[in-house]
Amino acid sequence: MNDTIVSSLSALQKLVQRFRAVRQQSVDLCSPLSTEDFVVQPINDVSPPKWHLGHTTWFFENFILAEYIKDYQLYQPKYNYFLNSYYEGQGPRILRSSRGNMTRPSVQDIMKYRAHVDQQMLEMIENFEGEDSKLVHLLEVGLQHEQQHQELLLTDIKYILGNNPLYPPYQEMMSDMRYKEARPLGFKAFEADLYEVGYNGTDFCWDNEQSRHKVYLADFEIADRLVTNGEYFEFMEAGGYENFEYWLMEGIEWARQLEVKAPLYWYENEGKWYHYTLRGLEKINENEPLTHISYYEADAFARWKGLRLPTEFEWEVACGKLYHQIPTDGNFVESMQFHPSIAEAQEDYQMLGQTWEWTASAYLPYPSYPRFKGALGEYNGKFMVNQMVLRGGSCATPISHIRPTYRNFFHADKRWQFTGIRLAK
């Protein structure tokens with residue numbers, strides 16, 4: 001066996017370890033759930049946890065096993081219709097809004113499906129011979145895809161439990177009851193210049209992070225921490241939801257239809273405000289970072305402050321200047337807090353982890369955008385319309401999944417994800 005193949009196999013073995021860990025993490029995140037929690041779908045944006053576990057498994061079977069194993073027999077051909085998300089090239093599928101209407105396959109069946117595909121994947125990797133750079137890439141895509149769904153699992157579980165009138169906790173977790181104060185809001189200044197943006201490494205990145213290119217940025221300043229609940233309270237108390245001057249036209253029409261003029265999961269009871277967290281219903285801590293807001297709310301708040309949201313390129317440049325590496329002690333899913341934490345230290349800029357940050361940038365392709373070929377080309381490129389870019393990751397994001405160049409994207413009205421605000425001027 002030549003040195004090239006030995007090197008490739010070594011890379012595969014490292015991926016085997018990651019494969020086991022990532023696949024187990026998805027199951028672990030669902031371990032606090034009851035069987036009933038796995039199957040419900042309160043709104044179209046939320047998918048049942050059972051579906052997430054099945055879809056990520058379908059991804060490996062459909063895009064790797066069926067391609068690399070000769071005469072591979074699908075575990076259950078009918079699963080393609082239920083577990084395909086939006087891949088037109090992979091055939092018909094149920095409506096996204098109907099995922100919660102399917103009582104079968106059962107949770108038990110999905111777990112058996114996961115075990116079967118995991119075994120087949122591991123056997124295939126161990127027995128693979130020959131040039132395998134494409135396989136390494138596909139396996140990495142599958143793992144990164146599953147990590148995306150791990151974040152969706154947590155946010156969907158939060159919506160499922162947070163809209164239950166009993167407000168059940170996802171998990172009994174200790175809350176730090178010591179009173180902490182967020183440090184005063186400050187700004188970091190950056191001079192006008194021609195900056196390079198986009199991914200520039202050799203490890204994995206999504207196609208929408210390429211290609212690296214230059215952009216001119218005028219002088220700008222960016223906040224050194226996220227907006228807090230208390231700061232957003234001031235906006236609410238000043239009649240921010242009623243004053244159309246701060247809102248985009250779409251935004252004010254959206255805001256007028258809100259049952260509660262407040263961020264998602266906020267509830268007022270006898271003059272006091274509470275919010276649902278994955279620890280259960282809690283009194284709102286004014287020092288914690290604000291989360292679960294739409295782009296409309298973020299933009300209106302910034303206007304009310306006489307400021308604005310940063311563009312995605314301002315955010316990326318600032319993040320690259322303020323961080324030398326991803327903070328290993330950051331508030332990602334591995335911290336098991338599942339909730340944003342207070343900025344106390346002067347160097348805690350909260351740019352990586354905590355909450356996804358709305359930017360003022362529309363989700364568009366970079367110059368020379370190298371869209372994935374084949375079915376995977378549907379992964380990012382076809383969504384580049386009517387969506388806004390978010391940056392930074394959240395307390396539900398795996399730390400190995402995030403980069404300063406990572407581009408998340410959602411429609412302006414979405415707020416079931418951990419979304420927050422960083423100001424700029």
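## A buried threonine before strand S8

Thr355 has a relative accessibility of 0% and therefore counts as buried, the cut-off for that class being under 20%. This value, like every other in this report, comes from a predicted model. Thr355 belongs to the loop that connects H9 with S8.

Leaving aside residues up to four places away in sequence, Thr355 touches Leu226, Leu290, Thr291 and Pro340. The contacts of Thr355 also include Arg391, Gly393 and Ser394, together with Phe418, Thr419 and Gly420. Two of the elements that hold these partners belong to the sheet described next: strand S9 covers residues 388-391, and strand S11 covers 419-420.

## The four-stranded sheet

An open sheet is built from four strands, arranged in the order S10-S9-S8-S11, and its pairing is mixed. Its edges are strand S10 (408-410) and strand S11 (419-420), each of which pairs on one side only.

Strand S9 (residues 388-391) and S10 run antiparallel and are joined by three bridges. Within this pairing, Val389 has Phe409 in S10 as its bridge partner.

## Phe338 in the loop between H9 and S8

Which secondary structure elements flank Phe338? The residue is located in the loop between helix H9 (312-322) and strand S8 (356-362), and Thr355 is found in the loop between H9 and S8 as well. Phe338 counts as buried because its relative accessibility is 2%, which falls under the 20% limit.

With residues up to four places away in sequence not counted, Phe338 touches Leu29, Leu154, Tyr170, Gln171 and Met173. Further along the chain, Phe338 is in contact with Leu278, Val333, Cys395 and Phe418. Phe418 is also among the residues touched by Thr355. The C-alpha atoms of Phe338 and Thr155 lie 9.4 Å apart in space, although the two residues are 183 residues apart in sequence.

## Two successive hairpins

Strand S5 (residues 266-269) runs antiparallel to strand S6 (residues 272-277), and four bridges join the two. Glu268 stands opposite Trp273 in S6. The two strands form a hairpin with two residues between them, and Glu270 in the turn has a positive phi of about 55°.

S6 also takes part in a second antiparallel pairing, with strand S7 (residues 280-283), again through four bridges. Here His275 has Glu282 in S7 as its bridge partner. The connection from S6 to S7 is likewise a hairpin, passing through two residues. One of the residues touched by Phe338 is Leu278, which follows S6, as that strand ends at residue 277.

## The chain as a whole

The chain contains nine helices and eleven strands. Its radius of gyration is 22 Å, which agrees with the value near 22 Å for a compact globule of 425 residues. Along the principal axes, the C-alpha atoms fill a box of roughly 65 × 55 × 40 Å.

Of the 425 residues, 56% are buried; Phe338 and Thr355 are examples. Among contacts with a separation of 6 or more, 79% involve residues 24 or more positions apart. The chain exposes about 19400 Å², of which carbon and sulfur atoms supply 49%. There are 41 positive and 58 negative side chains, and the centres of these two sets lie 2 Å apart.

How values were computed: Residues numbered from 1 in each chain as written. Predicted model: local features only at pLDDT ≥ 70, side-chain atom pairs only at ≥ 80, totals over all residues. Heavy atoms only, no water. Pairing = 2+ DSSP bridges. Rg over C-alpha atoms; globule rule 2.2 N^0.38 Å. Buried < 20%, exposed > 50% of the residue type's maximum accessible area, 1.4 Å probe, protein only. Contact = heavy atoms within 4.5 Å. Areas by Shrake-Rupley, 256 points an atom, 1.4 Å probe, with all protein chains shown as cover. Lys, Arg positive; Asp, Glu negative; His and termini not counted. Charge placed at Lys NZ, Arg CZ, Asp CG, Glu CD.
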